[in-house]
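Visitor: Please take a close look at one part of this model for me, choosing a place where the backbone deserves attention. After that, carry on to what lies in the interior.

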Amino acid sequence: MRSPFLKYDERNMLMKEIELKTMIDHQEFARIYQILKEINSNSFIQINYYYDTPGKDFTKNNETLRVRQKGAQLVLQHKYKKVSNGNIRFAEEYSEPLDGLKLFMEYKQQIVKLLGELVTYRQEFCVESAIICLDTNYYLGHIDYELEIEAKSIEIINRISEELLVEKKEIQGKHKRFMNRLFELEQCSKGEIKNGEKTYI
């Protein structure tokens, strides 16, 4: 289902988005859920499969290349021109449906490889003219919690975040957190990170 707060170009499936993202702990997650639980909501699982070139060119250019799965639907998504203003994020996105998932695929005349996946259990609430999402994210042996507010304007986003008494924390997006965790694991496997007296080999 398409968000009503994204601007689409039907000719090439381009869209722009405005959203607030902030990390929260489990206690804050539970507090916000208690505020929102009486509102009509939609809960679902979505999976982001992240791709990049062997040299991590998309990541180095602050771009995200992923395949997002909801149910049986697979959609290739390329996010670029990402700009952050505190917690508010702006991005342009290209998307197209896919028939299946591949370990390797060609995109923009480059061969990209599947790096791994991030699984999100999302609880989505529609409040006035905004969508509020409470996300529980699982990736590479890690779990974290996140609040997203998506709306047509920054003013609406700021008002809702103030009503929820959310402490705005500047954060890294899901893709960057995934890539940082992947880097940590890669370094551990090379024996380059020490945990106390133990060196991972």
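Guide: N62 is partly exposed, with a relative accessible area of 33%, where partly exposed lies between buried (under 20% relative accessible area) and exposed (over 50%), using a 1.4 Å probe and protein chains only. This is a predicted model, in which local features need pLDDT of at least 70 and side-chain atom pairs count only at pLDDT 80 or more, while totals for chains, interfaces and linings use all residues. Residues are numbered from 1 along each chain as its sequence is written, and side-chain values use heavy atoms, with hydrogens and water left out.

N62 sits in the loop between α2 (57–60) and β4 (64–70); helices (H or I, at least four residues) and strands (E, at least two) are DSSP runs, numbered from the N terminus. Although N62 is not a glycine, its phi is positive, about 60°. Most residues other than glycine have a negative phi. Q109, also not a glycine, has a positive phi near 60°; Q109 belongs to the loop between β7 (104–107) and β8 (110–127) and is exposed at 76% relative accessibility.

Turning to the interior, the largest nonpolar core (buried Ala, Val, Leu, Ile, Met, Phe, Trp, Tyr and Cys residues joined through side-chain atoms within 4.5 Å) has 19 residues, and I32, I132, L147 and I149 have the most contacts inside it. β10 gives the most to this core, four residues. Beyond its neighbours within four places in sequence, I149 is in contact (heavy atoms within 4.5 Å) with residues including I18, L20, I132 and I157. A second, separate core of 12 residues includes Y51, L65, V67 and L74.
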